[in-house]
Amino acid sequence: MEKSIAELRETFKTGGTKSISWRKSQLKALLQLINQNEDSIFKALDQDLGKSPVESYRDEVGVLKKSVTYTLSCLEKWVAPKKAEVPLLFFPAKAEVMPQPLGVVLIFSSWNFPFTLALDPLIGAISAGNTVLLKPSDLAPACMSFLVETIPKYLDNKAVKVLAGGADIGERLLQLKWDKIFFTGSPRVGRLVMAAAAKHLTPVTLELGGKSPAIVDTLSTTPSKAKVTAKRIVGGKWGPCTGQACIAIDYVLVEEKLASTLIELLKKTIKRFYGENIKSLKNISRIVNKHQFQRLVNLLKDPDVADSIVYGGSVDEEKLVIEPTILLDPPLDSEIMSEEIFGPLLPIITLKNVEESIDFINSKSNPLVIYAFTEDETFKKRILSETSSGTVTFNDSMVQYRYSI
Amino acid sequence: MASEVEKKAVFDIDSAKEVVQELRASFVAGKTKDYEWRRTQLKAMLKMMDENEPQIVAALRDDLSKPELESSIYEIAMLKNSCKLALKKMKHWMMPEKAKTSLATFPSSAEIVSEPLGVVLVISAWNYPFLLSLDPFIGAIAAGNAIVLKPSEISPATASLLAKLVANYMDSSCIKVVEGAVPETTALLEQKWDKIMYTGNGRIARIVMAAAAKHLTPVVLELGGKCPVIVDSGINLQVATRRIIAGKWGCNNGQACISPDYIITTKDYAVELVDSFKCELELFYGKNPLESKDLSRVVNSNHFARLLKLLDEDKVSSKIVYGGERDKSNLKIAPTILLDVPQDSLIMNEEIFGPLLPIITIDKVEDSFDLITSGAKPLAAYMFTNNKKLKEKFVEKVSAGGLVINDTTVHLAEPTLPFGGVGDSGMGAYHGKFSFDTFSHKKAVLYRSFAGDAPLRYPPYTDGKLGLLKALLGGSILGIIRALMGWSKA
């Protein structure tokens, strides 16, 4: 391991990765890797997570292709120094801000979007001229093996390396000095990463999660809008890796008088998208492993939580499948309402007035995304200014990530 | 009675918790988000400086024997300018930025909204105790945050003046100063902050970041390093020398994070350079620089002893070519130049932060780049040259927080340039709009409409949908048409 990292540092020192032509060649090679291995990628995702090709394309392959293409088209602009204004006092001075690579970068990716979360940061690191060590998650072993075997065939081995392994490898990597660490995962491990980085004053980017709520205020408008709302909620909960996504909708907030309408719409949509029951479930991923499966099943063990199930609830331990499940007003102090769910369970919390959702959200820690289905411009402004989250998306779910530039 | 007073006087974990709770309540109540509140606080800062300049200068003289000119210009005037810029531009900075959207999310609109982070902790340093405490305030206030300031106990007169002035002029329900040393700082670091900005050294920075890691608090660390100056031949030597002197001894007597730490020049040019220094230094500070009123003193006996250790090391003391005099009772060391100290000497292996200037000589100017890049990345690097190719190579090869060609330290005063380090010299940046940005969260907002809901996003998933999705994400109109017509492979 130490040898690999020493090689990455040597390579960076030679200055080869700084050249624009090197960066472009690597990005093009990455695009080729994706284009020429689509089927293997689909296969690995199906093996690790039961993802269907459409979901895999939409959330992983397609996103990556777009990212590489976009980066290639903007690279020269991004690399160029930016002129800065100089006050008269310093005439005739000139000033500019110049982007420079940091050096040797460590990327930890997560298991739920094992390609996107490994290769999207890689695109950034390469385009900025760094050398990279990528440590994919061993909880998605087929995807990890694919990356370990395939990346060396396409990219510059001296500058981009992939290391297989589990938490112990991760810990060893964190003892070493990096110029940047990019981590996607849970807040618990995020703290460990940052604490390790602190010893070397290494800057970090931490992509974590939270309980991302969806506020629903549009059911009393036209039936077509209500239908679209339901589709987007269902698509935003069970569409991405059956809810195992940092930006999946975690829970829903709706006015109590509209709850039953919403639940009926959601049930219809779930049946149409994914099937009538757990035996005929399709177009949906499975839970990644036994540990996560048990964790989710345990969330439903609390009798008050179990009582609040209004749809679904069936599980298949052998196949690691939990069917799309809706709960109505589980106790607010239950684990399902205090931990990030990261799975196919959707609590619906009812309020007297939809405006109360702002205080509700603020009583919890800042989520990664707030989704709000509303056409009330005043309410939109209030949500924007009175809540804090990584992102806010109005009237849709997930698209801000998939199609963001 | 006595024990009650004692209780109040100790600032412990509970006191720190209370402070944060109070500030968080003010923040949650929306006090600091209000534009008028931000304006009033910034204006109060200006008033505070206008009405107390003599007291500020006196405190800086007490703590550092800082000459009045340095205090007035480098601390007070710079701060006032920063404040006025923020007042002028704040409304514009606060406005959401429109972001482009792509075909794939049509029809939609997007923007990036700047929101305050919440309650921030500013830990400042002793060398520019006024500037480094209040400059972060400007960004934090403009961005709408509540603030706790922990000024350095090594500059105690300024620390207590700051505590008094901030309490008198600013809104103490949202902005507080906590005086103290290690125990108080530790108590503060146990708390959960929304951002911590620390200015100081690498050792404490690691402690700050480790404490921040427990709460996933983002940090800005403004540190230091050995800021090199490369001096080429064929330049206006007199101007170059003066600018180096101004950046070294004119900046708190070398006790500044961006002071030139050491010089690299060619063997051929060294003698001329040393002579130029001797000439200009005498002009600036006279024949007895220990008596010059235009030089700050060394801040305290710890640092005095540290600097003497660097100077008196055997292999180094013989290399002094100018200066070397010291006055222990007044904590003064004369401007000192050393020629060709060994690379493995103490003085070449730690940030000097004092009035000692080693000159290292090399054969060719180009050799200086490797010498610099073999060490840790400094906060600043300087080069004096008229050679265009050398300038380009310098900018390309040397990684540092900031670079200046043909001057030293002045980039600090440039609000359009981000001021911050890289690697061991720090992370994050501020000044001008960068201050506002550093204390803001840039929230991404996407507005979607209900019209044009594409069924191809949703299950049941079919080959046709896969084909269309590929075409849509690929962005080509032709591809989309082909997919719609069923002409493309899934």
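## How the two chains meet

In the contact between the two chains, 68 residues come from chain A and 61 residues come from chain B. The model is a predicted one, and every value in this report is to be read with that in mind. The size of an interface is often given as the accessible area lost when the parts come together. For chain A and chain B this buried area is about 5,300 Å², and carbon and sulfur atoms give 63% of it.

Charged side chains also take part in the contact, since the count of salt bridges between chain A and chain B is 2. One salt bridge joins Asp424(B) to Lys177(A), and the closest N and O atoms of this pair are 3.6 Å apart.

## Chain B as a whole

The secondary structure of chain B amounts to 17 helices and 18 strands, and its C-alpha atoms fill a box of roughly 90 × 70 × 35 Å when the box is taken along the principal axes. Chain B has 490 residues, of which 57% count as buried. Among the contacts in chain B that link residues at least 6 apart in sequence, 70% join residues at least 24 apart. The area that chain B exposes is about 20,300 Å², and carbon and sulfur atoms supply 56% of this area.

## The annotated active site of chain B

In an unreviewed entry, UniProt lists Glu222(B) and Cys257(B) under "active site". These residues span 36 residues in sequence, yet no two of their C-alpha atoms are more than 8.7 Å apart, so they gather at one spot. Glu222(B) belongs to strand β7 of chain B, which covers residues 219-222, whereas Cys257(B) is found in the loop between α9 (237-248) and β9 (262-266) of that chain.

Glu222(B) has a relative accessibility of 3% and therefore counts as buried. When neighbours within four places in sequence are left aside, the residues in contact with Glu222(B) include Met197(B), Tyr198(B), Thr199(B) and Gly200(B), and also Phe419(B), Gly420(B) and Tyr430(B). Cys257(B), at 18% relative accessibility, counts as buried because the cut-off for this class is under 20%. With its neighbours within four places in sequence again left aside, Cys257(B) is in contact with residues that include Asn127(B), Leu223(B), Cys227(B), Glu351(B) and Phe419(B). Phe419(B) thus appears among the contacts of both Glu222(B) and Cys257(B).

## The annotated active site of chain A

For chain A, the "active site" annotation in UniProt, which again comes from an unreviewed entry, covers Glu207(A) and Cys246(A). Although these residues are spread over 40 residues of sequence, they cluster in space, with a largest C-alpha distance of 8.7 Å. Glu207(A) lies in strand β7 of chain A (residues 204-207), and Cys246(A) has its place in the loop between α9 (223-237) and β9 (251-255).

Glu207(A) has a relative accessible area of 37% and is partly exposed, and Cys246(A), at 23% relative accessibility, also counts as partly exposed. Not counting residues up to four places away in sequence, Glu207(A) touches Phe182(A), Phe183(A), Thr184(A) and Gly185(A). Beyond its neighbours within four places in sequence, Cys246(A) is in contact with several residues, among them Asn112(A), Leu208(A), Ser212(A), Glu340(A) and Leu368(A).

## The annotated domain and a buried serine in chain A

An unreviewed UniProt entry lists residues 3-399 of chain A as "domain: Aldehyde dehydrogenase". This span is 47% helix and 16% strand, and its end C-alpha atoms lie 41 Å apart.

Ser357(A) is located in helix α14 of chain A (residues 357-362), and its relative accessibility of 0% means that Ser357(A) counts as buried. Apart from its neighbours within four places in sequence, Ser357(A) is in contact with Ile215(A), Leu253(A), Leu351(A) and Phe379(A).

## A covered helix and a surface patch in chain B

Helix α7 of chain B (residues 182-190) has Glu184(B), Thr185(B), Ala187(B), Leu188(B) and Leu189(B) as its buried residues. The elements that cover these buried residues include the helices α2 (13-28) and α8 (202-214), together with the strands β3 (119-123), β4 (146-150) and β6 (195-199), of chain B.

On the surface, Leu103(B), Phe106(B), Ile477(B) and Ile481(B) make a nonpolar patch of about 420 Å². Phe106(B), one of these residues, sits in the loop between β1 (97-99) and β2 (108-116) of chain B, and at 63% relative accessibility Phe106(B) counts as exposed.

Technical notes. Residues are numbered from 1 along each chain as its sequence is written. Chains are lettered from A and ligands numbered from 1 in the order in which they are written. This is a predicted model: local features need pLDDT of at least 70, side-chain atom pairs count only at pLDDT 80 or more; totals for chains, interfaces and linings use all residues. Side-chain values use heavy atoms; hydrogens and water are left out. UniProt positions are given in the numbering used here, feature names are shortened, and annotations may be inferred rather than shown by experiment. Helices (H or I, at least four residues) and strands (E, at least two) are DSSP runs, numbered from the N terminus. Buried means under 20% relative accessible area, exposed over 50%, partly exposed in between (1.4 Å probe, protein chains only). Contact means heavy atoms within 4.5 Å. Patches are made of residues with over 30% relative accessible area and no salt bridge: like charges are joined within 9 Å, nonpolar side chains (Val, Leu, Ile, Met, Phe, Trp, Tyr) within 5 Å. Accessible areas come from the Shrake-Rupley method with a 1.4 Å probe; for residues, only the protein chains shown count as cover. A salt bridge is a side-chain nitrogen of Lys or Arg within 4 Å of a carboxyl oxygen of Asp or Glu. Buried area is the accessible area (1.4 Å probe) that two parts lose on being put together, summed over both.
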